[in-house]
Amino acid sequence: FLPRVGRSLSHLFPVGFFKQKTAYEIHERLVGSEMCIRDSWMISGNNNYSPISWKIDILGRRISAWICYSEMISEDADKIFLEKFCKLLTAQSIHLSRAIKKHDKEPEVFTALRGLFISGICLSGGNKRYNQAKNILLYALNDQILNDGCHISKKPSITLDILTDLIWIRNTLTINDPLLEL
């Protein structure tokens with residue numbers, strides 16, 4: 001029902017919220033009312049379009065976090081929550097697939113590609129999103145990265161963010177993908 005991304009992958013995909021404690025340490029402390037807070041937070045604010053929370057970089061980061069930690073998120077959840085969760089995840093992945101095309105010249109596209117790649121790998125019907133992500137990645141690398149490896153803005157912070165995203169993407173790609181050779 002949910003994408004199966006075992007515990008072994010969660011350490012490859014850092015999420016800012018989980019820097020101090022592991023996701024499983026946090027989850028073990030969630031009981032009763034805290035589970036209700038998790039459920040309501042997951043659904044509220046992410047159910048309807050919002051110009052801030054549905055920006056491509058935020059959306060890509062959220063999709064990748066939800067998929068990577070789906071085992072923890074879904075643990076002890078009822079069927080209604082799981083159905084809503086999967087519906088939201090799919091809707092947000094489809095929206096990202098549409099919205100990313102308009103932003104392929106911006107540095108945020110690399111963060112958005114995180115969500116597009118992993119949703120393409122883990123969600124049903126994702127082959128189209130996976131191939132789209134590969135094409136956008138190649139275009140963005142050629143368009144935004146200079147021969148010396150820096151971003152065209154020449155801002156070190158943007159270059160570092162992009163490198164972090166590229167490492168994340170590389171860890172996400174399937175083993176036999178020829179894109180890994182780049």
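**Notebook: salt bridges, a covered helix, rings and cysteines**

**Entry 1: salt bridges.** I began with Asp143 and Lys105, whose side chains meet in a salt bridge with 3.8 Å from N to O. The two residues come from distant parts of the chain, 38 residues apart. Asp143 sits in helix α8, and Lys105 sits in the loop between α6 and α7. I looked up how covered the acid is: Asp143 is partly exposed, at 31% relative accessible area. I note here that I am reading a predicted model.

How many salt bridges does the count come to? I get two. The other partners I looked up are Asp165 and Arg114, with their closest N and O atoms 2.9 Å apart. This pair also links distant parts of the chain, with Asp165 in helix α9, Arg114 in helix α7, and their positions 51 residues apart. Is Asp165 buried or exposed? Asp165 has 2% relative accessibility, so I file it as buried, the limit being under 20%. Arg114 also has 2% and counts as buried.

**Entry 2: helix α7.** Arg114 led me to its helix. I checked the length of α7, which runs over residues 108-122. At 1.5 Å a residue, its 15 residues should span 21 Å. I find 22 Å between the end C-alpha atoms, which agrees.

Next I asked how many of the 15 residues of α7 are buried. The number is twelve, so the helix is mostly covered. Among them are Val109, Phe110, Leu113, Leu116, Phe117 and Ile118. Which helices do the buried residues of α7 pack against? I list α4 (56-68), α6 (79-99), α8 (127-144) and α9 (156-172).

**Entry 3: aromatic rings.** I searched the whole structure and found three aromatic pairs. In one of them, Trp66 and Phe85 are tilted, with 5.4 Å centre to centre and 40° between the planes. Trp66 lies in helix α4 and Phe85 in helix α6, so this pair ties together parts 19 residues apart in sequence. Both rings are covered: Trp66 is buried at 3% relative accessibility, and Phe85 is buried at 0%.

Phe81 and Phe85 form a stacked pair, at 6.1 Å centre to centre and 15° between the planes. Both lie in helix α6, four residues apart, about one turn of the helix. I recall the rule: an α-helix has 3.6 residues a turn, so residues three or four places apart point the same way. Phe81 is buried too, at 5%. Ring pairs join Trp66, Phe81 and Phe85 into a cluster.

**Entry 4: cysteines.** I looked for disulfides over the whole structure and found zero. Cys68 is in no disulfide, and its nearest cysteine sulfur, that of Cys122, is 7.4 Å away. Why does this pair not count? A disulfide needs sulfur atoms within 2.5 Å, so 7.4 Å rules it out. Cys68 is buried, at 3%. Cys122 is partly exposed, at 24%.

**Entry 5: a backbone angle.** Lys154 caught my eye, with a phi near 60°, a positive value in a residue other than glycine. Most residues other than glycine have a negative phi. I place Lys154 in the loop between α8 and α9. Lys154 is exposed, at 61% relative accessible area.

**Entry 6: confidence.** The average pLDDT is 79, and 71% of the residues score at least 70. Residues 4-21 fall below 50. In the model, this stretch has 27 contacts beyond near neighbours in sequence.

Methods
Residues numbered from 1 in each chain as written. Predicted model: local features only at pLDDT ≥ 70, side-chain atom pairs only at ≥ 80, totals over all residues. Heavy atoms only, no water. Expected span 1.5 Å × (residues − 1). Buried < 20%, exposed > 50% of the residue type's maximum accessible area, 1.4 Å probe, protein only. Contact = heavy atoms within 4.5 Å. Salt bridge = Lys/Arg side-chain N within 4 Å of Asp/Glu carboxyl O. pLDDT = per-residue confidence, 0-100. Phe/Tyr/Trp six-rings, centres within 6.5 Å; stacked < 30°, edge-to-face > 60°.
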